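Work through the exercises below with the sequence and the 3D view open. Each task is followed by a solution in steps.

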Amino acid sequence: MIPIVAKYAPFTGKVVQQMSQRSASDFVAARVRDMAPSPTIAVSDKARALKAQGIDVVDLGGGDPDFITPEHIRQAAIDAMNGGETHYVASPGIPPLRKAIAAKLKADNGLEYDWNKEIIVTPGGKASLFQAMLALAEPGVEILVLEPAWVSYVPMIEIAGGTPVTVSLDADDNFRITREKLEQKITSRTRGILLNSPNNPTGRVLTTEEIDTISAIAIEHDLLVYTDEMYEKIVYDGNEHISLATRPGMWERTLTFNGLSKAYAMTGWRLGYVAGPKAFMDEIAKVHSHSVTCATSFAQFGGVAALTGPQEFISEMVTAWDRRRRAVAEGLNRVKGFKCDLVEGAFYHFVDIRGTGLDSMTLADKLLNEAHVAMTPGLAFGEAGEGHIRLSFATSDELLAEAVKRIGDAIGWA
Ligand SMILES: Cc1ncc(COP(=O)(O)O)c(C=O)c1O
């Protein structure tokens, strides 16, 4: 129960308002009340709590590159701050950053956007997706979410008042997207499909065939496609990232989401963006300006340096992650009941643990409590993620080797 709160009029001291004895939950919006906090953040919090007790936990739960942002990017932000860039800036982002993003989208992705009308810089990629949902989803609007899915998609659509409709992809079919799977869930209320490639958590990179299938369905059913390309730079074994908006007839019906967090090791800077046709961007711009005003001014100057400066750093990081990807898979395939295929992109392994006979929550708890290794249970990514456990290999070779050893010792070696 919350305490009875009285409000008093100034000077006279008369009671002008008294709140009744409601429980706190009576004040909470129904669409938020039953929502679980982000499971990935919950895993990291649990790991941090154990660490605070002096327990040496290897935390593979989060999605943060283990590299510090390159020096020239940090210096650009420091210079901007010392130069007085400490004020509000243009709501959609400073012009040099939007121009750099437009140039990047053209050079890397083959996409043409008007930097001044069709790009919005947001505080992190998460905010760009959330703002788009707030602008475009509402009661009665169904958006297809392909599961296993990044943990925030479903809550974002729900907070916006829309209905997430999950399409379960099949682990035994390598989480492949097919026409049948999508069409089974399309109704007259479907307005959009939310995609993520390279995928968190499965590590899949969409093939040309899948992209063509999705494009054809979007056109046939007149749908908008939201494509989250946050991990585009992190691909292995010659896999290629293709931006869906490049497909014929798709530019007009696609919103492309991306950011600097993963590719430039800039998670704490909170810099993301959304690009799309002006008609949609004008609406998203309203939500953006009323909710955050603008992304942090001096961080945006760092963003310009990131996009326009040397890019070799990215391939150096990807080379390190590739090495760790292989080492972890090789190690985990020796653990009893584990099957770890090499992922195609991003920096997570989505390990098939069905052979252990344990569900993903039980296994994640066991590994945290007994092996002191934090990982995210597959169920956190939807029902289709059950039977799997996600770990990030964006951490040092030594810690990963230690984690594999602890996991094998706790579960048993094959
Ligand atoms: C698939 C996916 N999209 C978007 C984001 C959001 O990134 P940011 O940290 O820029 O908000 C993440 C972060 O983990 C992610 O995994």
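**Exercise 1.** Determine how the axes of helix H4 and helix H10 are arranged in this predicted model.

*Solution.* Start with the two elements: H4 covers residues 95-109 and H10 covers residues 297-308. Their axes come within 9 Å and cross at roughly 30°. Angles under 35 degrees count as roughly parallel, and H4 and H10 are therefore roughly parallel to each other. As to hand, the crossing in which H4 passes H10 is left-handed. Next, list the residues that make the contact: H4 supplies Pro96, Leu97, Ala100, Ile101 and Lys104, while H10 supplies Gln300, Gly303, Val304, Leu307 and Thr308. Sorted by class, the residues of this contact are six nonpolar, three polar and one charged.

**Exercise 2.** Describe the contact of helix H3 with H10 by angle, hand and residue class.

*Solution.* H3 spans residues 71-82, and its axis comes within 7 Å of that of H10. The two axes cross at roughly 145°, and the crossing is right-handed. On the H3 side, the residues are His72, Ile73, Arg74, Ala76, Ala77, Ala80 and Met81. They meet Phe298, Ala299, Phe301, Gly302, Val304, Ala305 and Ala306 of H10. The class count for the contact of H3 with H10 is eleven nonpolar, two polar and one charged.

**Exercise 3.** Give the strand order of the open sheet, then find its edges and the helix H5 that packs on the sheet.

*Solution.* Seven strands make up the open sheet, in the order E4-E10-E9-E8-E7-E5-E6, with mixed pairing. The edge strands, each pairing on one side only, are E4 (119-122) and E6 (163-168). From one strand to the next, the twist averages 20°. Now take one pair inside this order: E8 (residues 224-228) and E9 (residues 254-259) run parallel and are joined by four bridges. Within that pair, aspartate 228 has phenylalanine 257 of E9 as its bridge partner. Finally, place the helix: H5 (residues 125-136) packs on the sheet and touches E4, E8, E9 and E10 (272-275). The direction of H5 makes about 40° with that of E10.

**Exercise 4.** Which residues come nearest to the ligand, and how does the shell divide by class?

*Solution.* There are 13 residues around the ligand. Those that come nearest are Gly124, Gly125, Lys126, Asn200 and Ser261. By class, the shell holds two nonpolar, nine polar and two charged residues. To tie this to the previous exercise, note that H5 covers residues 125-136, and that Gly125 and Lys126 are among the nearest residues.

How values were computed:
Residues are numbered from 1 along each chain as its sequence is written. This is a predicted model: local features need pLDDT of at least 70, side-chain atom pairs count only at pLDDT 80 or more; totals for chains, interfaces and linings use all residues. Axes are lines fitted to C-alpha atoms, for helices over the stretch in contact, and angles run from 0 to 180 degrees between N-to-C directions. Angles under 35 degrees count as roughly parallel, over 145 as roughly antiparallel, 65 to 115 as roughly perpendicular and the rest as oblique. A crossing is left-handed if the near helix is turned anticlockwise from the far one by less than a right angle, and right-handed if clockwise. Two residues are in contact if their C-beta atoms, placed from the backbone, lie within 7 Å. Ala, Val, Leu, Ile, Met, Phe, Trp, Tyr, Cys and Pro count as nonpolar, Asp, Glu, Lys and Arg as charged, and the others, Gly among them, as polar. Two strands pair if DSSP finds at least two bridges between them. A residue is near a molecule or strand if its C-beta atom, placed from the backbone, lies within 6 Å of it.
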